[in-house]
Amino acid sequence: MKATVRLGRIAGIPVGVHWSVLGIVLLLVVGLSMQLQLVVDGYPLAAYIAAAFVTAALFFLSLLAHELAHAVVAQRNQVGVEGITLWLLGGVARLRGDALTPGAAFRISAVGPLTSLLVGAVFAVAAWLADGVGVGGLPLAVLLYLAVINAVLAAFNLIPAAPLDGGRILRAAIWKWRGDQFVATVWAARAGRLFGFALIALGLLTAMRGLGGLWYILLGLFIVTMAGAEEHQARATAALGGVRVGDVMTPQPETVPGDLTAAQFVHDVVLFRRHSAFPLVDAAGRVEGLITLNRIRSMPPEQRATTRLRQVACPPEEIPTAAPDEPLTDLLPRLGGCADGRALVFEQGRLVGIVSPTDISRAAALHGFGAGIGSGGSDISPGH
């Protein structure tokens, strides 16, 4: 989940929001303003709306604290962090790779719910102090709501089902018990799918009774999808065990200069090459981006004649990179984003290859058949 708007950095970690946050903000403001009128009367409508906005803002700051805790602990356990994104269903800390030990996986997972509990306790204490000095009404209602919602958030995340934090804790426990990370991931993912289907069933049952249920269905679909993706990722990782990046990469990828216009690129390169991604290099041979056909297609046709490739390319800092001798399984979690699932391979600072989704799929297929994968991708036809 990539951020639509970047807000800045906290502790060196990029933080942003996805456009879908607008939906949950609207739902929260409308719902909370109505609930507050039922709980506390005697205020003008504008006061209830303002209190709902404040509550929504503080709730999202609580979500940010939850995800920031994950990210900081991940960094302290040698796991890179791409950033944090707040979106429709909460927040997500995007990690580069996996924890190296069950203990590290447990710490990274458990700190989120613990943070939510602490944040809820802070709001509970603030409500107690406010009530003690005679501050009631809307301010007290907002503090109590935030205390309760953070406690609920912590409890929900502790459900032992991936991709929830409880599922990650379950995975760490099974990994420690069985000594097998793959088995642990599959068990946690299957628990997640079971829980997701249960939420969908609850949502459908609630809807048939005329009580809504859409939120349960959406959340259940999200959990089922993410749990399925985690199991698929685990199986792909297991299938590619022992394979190095250099074994599957397309060596010596074709490059293009970044000062070509998009129109020139289409007419002079795309029509005569079968690749769908090209590294951009400057006159000194330095990589200055990665251009893909998807990025060209997304451009308005009338802009292609005047837009240089470097203006629309995936920038160097957002392109996943790897070394030829790095395990392919370490690279897999870093793929995605604006590079469309591709990574550039460098050796001693020099571009020596590119890895595409096609390369990885072929490697998994050949590995599944017990076929050998030659060094430098010689047994796999290029397909970047």
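Me: How many positive and negative side chains does the protein have, and how far apart are the centres of the two sets?
Reply: In this predicted model, there are 28 positive and 25 negative side chains. The centres of the two sets lie 2 Å apart.

Me: What does the C-alpha trace span along its principal axes?
Reply: About 75 × 55 × 45 Å.

Me: And the accessible surface, what does that come to?
Reply: About 19,200 Å² for the protein, and carbon and sulfur atoms account for 63% of that.

Me: How many helices and strands are there?
Reply: The protein has 13 helices and 11 strands.

Me: What share of the residues is buried?
Reply: Of the 384 residues, 45% are buried.

Me: Which residues have the most contacts inside the largest nonpolar core?
Reply: Leu-28, Leu-36, Phe-59, Phe-60, Leu-63, Leu-86 and Phe-123, in a core of 28 residues. Helices α1 (21-39), α2 (45-76), α3 (102-132) and α4 (137-157) each supply at least two residues of this core. The one that gives the most is α4, with eight residues.

Me: Why would nonpolar side chains be buried together?
Reply: That is a general tendency of nonpolar side chains in soluble globular proteins.

Me: Back to Leu-28. What does Leu-28 touch?
Reply: Leaving aside residues up to four places away in sequence, Leu-28 touches Ser-33, Ala-56, Phe-59, Phe-60 and Tyr-145. There is also a second, separate core of 21 residues, with Val-15, Leu-68, Ala-71 and Ala-74 among them.

Me: Switching to strands. In what order do the four strands of the open sheet come?
Reply: The order is β5-β11-β10-β9, and the pairing is mixed. At the edges are β5 (250-251) and β9, each of which pairs on one side only.

Me: Do the parts of that mix for me. Is the pairing of β9 and β10 parallel or antiparallel?
Reply: Parallel: β9 (residues 321-322) and β10 (residues 343-347) pair over two bridges. Ala-322 has Val-345 in β10 as its bridge partner.

Me: And β10 with β11, parallel or antiparallel?
Reply: Antiparallel, over five bridges, with β11 covering residues 350-355. Phe-346 stands opposite Leu-351 in β11.

Me: What do β10 and β11 form, and how many residues are between them?
Reply: They form a hairpin with two residues between them. Gln-348 sits in the turn and has a positive phi of about 55°.

Me: Which residue in the loop between β1 and β2 has a positive phi?
Reply: Ala-11 is one, with a phi of about 55° although it is not a glycine. The loop runs between β1 (5-10) and β2 (13-17).

Me: Is Ala-11 buried or exposed?
Reply: Ala-11 is exposed, because its relative accessibility is 60% and the cut-off for exposed is over 50%.

Me: What about Gln-78? Where is Gln-78?
Reply: Gln-78 lies in the loop between α2 and β3 (80-87). Gln-78 is not a glycine either, and has a positive phi of about 60°. With a relative accessible area of 63%, Gln-78 is exposed.

Me: Which residues does the cis peptide bond join?
Reply: A cis peptide bond joins Ala-162 and Pro-163, with omega about 10°. Pro-163 is in the loop between α4 and α5 (165-178).

Me: Now Val-269. Where is Val-269?
Reply: Val-269 is in the loop between α9 (262-268) and β7 (277-281).

Me: Why does Val-269 count as buried?
Reply: Because its relative accessibility is 11%, and buried means under 20%. Not counting residues up to four places away in sequence, Val-269 touches Val-256, Leu-260, Gln-264 and Phe-278.

Me: How far is Val-269 from Arg-350?
Reply: Their C-alpha atoms are separated by 23 Å, and the two residues are 81 residues apart along the chain.

Me: Last residue: which helix holds Thr-185?
Reply: Helix α6 (residues 181-208). Thr-185 is buried, with a relative accessible area of 10%. Beyond residues up to four places away in sequence, Thr-185 touches Arg-171, Glu-230 and Ala-234.

Me: What share of contacts comes from residues 24 or more positions apart?
Reply: They account for 61% of the contacts in the protein with a separation of 6 or more.

How values were computed: Residues numbered from 1 in each chain as written. Predicted model: local features only at pLDDT ≥ 70, side-chain atom pairs only at ≥ 80, totals over all residues. Heavy atoms only, no water. Buried < 20%, exposed > 50% of the residue type's maximum accessible area, 1.4 Å probe, protein only. Contact = heavy atoms within 4.5 Å. Areas by Shrake-Rupley, 256 points an atom, 1.4 Å probe, with all protein chains shown as cover. Lys, Arg positive; Asp, Glu negative; His and termini not counted. Charge placed at Lys NZ, Arg CZ, Asp CG, Glu CD. Pairing = 2+ DSSP bridges. Core = buried A, V, L, I, M, F, W, Y, C linked by side-chain atoms within 4.5 Å.
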